[in-house]
Amino acid sequence: KYLSEAAKKAINWQSISVDAACSGNPGVMEYQGVDTGTEQRIFHQKFDLGTNNIGEFLALVHALAMFQKTGKEAPIYTDSKIAMGWVAKGKCRTKLARTKRTAKLYAVIQRAEKWLAANTYNNPILKWNTKEWGEIPADFGRK
């Protein structure tokens with residue numbers, strides 16, 4: 001990937017990048033976290049039915065919880081302002097219907113919200129500057 005010198009300096013490479021993808025919205029949803037510098041996958045989850053925003057939210061909380069366990073205060077990049085807002089408020093504000101198909105996903109959402117309510121974190125959540133830097137390293141490459 002080509003990055004300008006300014007972009008190379010602006011990005012904190014000692015970080016994790018998260019992203020979600022959805023086949024249809026709602027549809028089969030997955031999210032992942034990768035090492036920003038190496039693009040090596042750190043975690044990945046997939047659900048039968050979800051939305052892109054839910055995936056972005058869960059990816060952020062997954063990264064925060066993982067870093068808390070290891071004591072790492074590295075930044076987390078996301079390209080989703082909506083997910084950043086949901087994490088800041090501690091609430092996944094989805095309108096996705098609660099059905100048998102979404103029961104497992106809603107259980108994970110509740111666990112994430114509970115984690116946010118019970119924990120604090122020092123990891124900065126940073127907005128990935130897609131316009132200047134291109135796609136986030138965690139992008140699934142399906143556009």
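In this short talk I will go through the salt bridges and the largest pocket of the structure shown above, which is a predicted model.

Let me begin with the salt bridges, of which the structure holds two. One of them joins the side chains of Glu5 and Lys8, with 3.3 Å from N to O. Both of these residues sit in helix α1, which covers residues 5-10, and they are three residues apart, about one turn of the helix. As for exposure, Lys8 has a relative accessibility of 39%, and because buried means under 20% and exposed means over 50%, Lys8 counts as partly exposed.

The other bridge is formed by the side chains of Lys91 and Glu113, at 3.5 Å from N to O. Here the pair links distant parts of the chain, since Glu113 belongs to helix α4 (residues 103-118) while Lys91 lies in the loop between α3 (81-89) and α4, 22 residues apart. Is each partner buried or partly exposed? Glu113 is buried, with a relative accessible area of 14%, whereas Lys91, at 38% relative accessibility, counts as partly exposed.

Now let me turn to the largest pocket, whose volume is about 320 Å³. It is lined by 15 residues, and those closest to its centre are Tyr31, Val61, His62, Ala65 and Arg111. Which elements each supply at least two residues of this lining? They are β3 (41-50), α2 (52-70) and α4, and α2 gives the most, with seven residues. If we sort the lining by residue type, we find nine nonpolar, three polar and three charged residues.

Note on methods
Residues numbered from 1 in each chain as written. Predicted model: local features only at pLDDT ≥ 70, side-chain atom pairs only at ≥ 80, totals over all residues. Heavy atoms only, no water. Salt bridge = Lys/Arg side-chain N within 4 Å of Asp/Glu carboxyl O. Helix = DSSP H or I, 4+ residues; strand = E, 2+ residues; numbered from the N terminus. Buried < 20%, exposed > 50% of the residue type's maximum accessible area, 1.4 Å probe, protein only. 1 Å grid on protein atoms, 1.4 Å probe; cavity = no way out; pocket = protein on both sides within 12 Å on 5 of 7 lines; lining within 4 Å. Points joined across faces, edges and corners; volume = space filled by probe spheres on them. Nonpolar A, V, L, I, M, F, W, Y, C, P; charged D, E, K, R; others polar.
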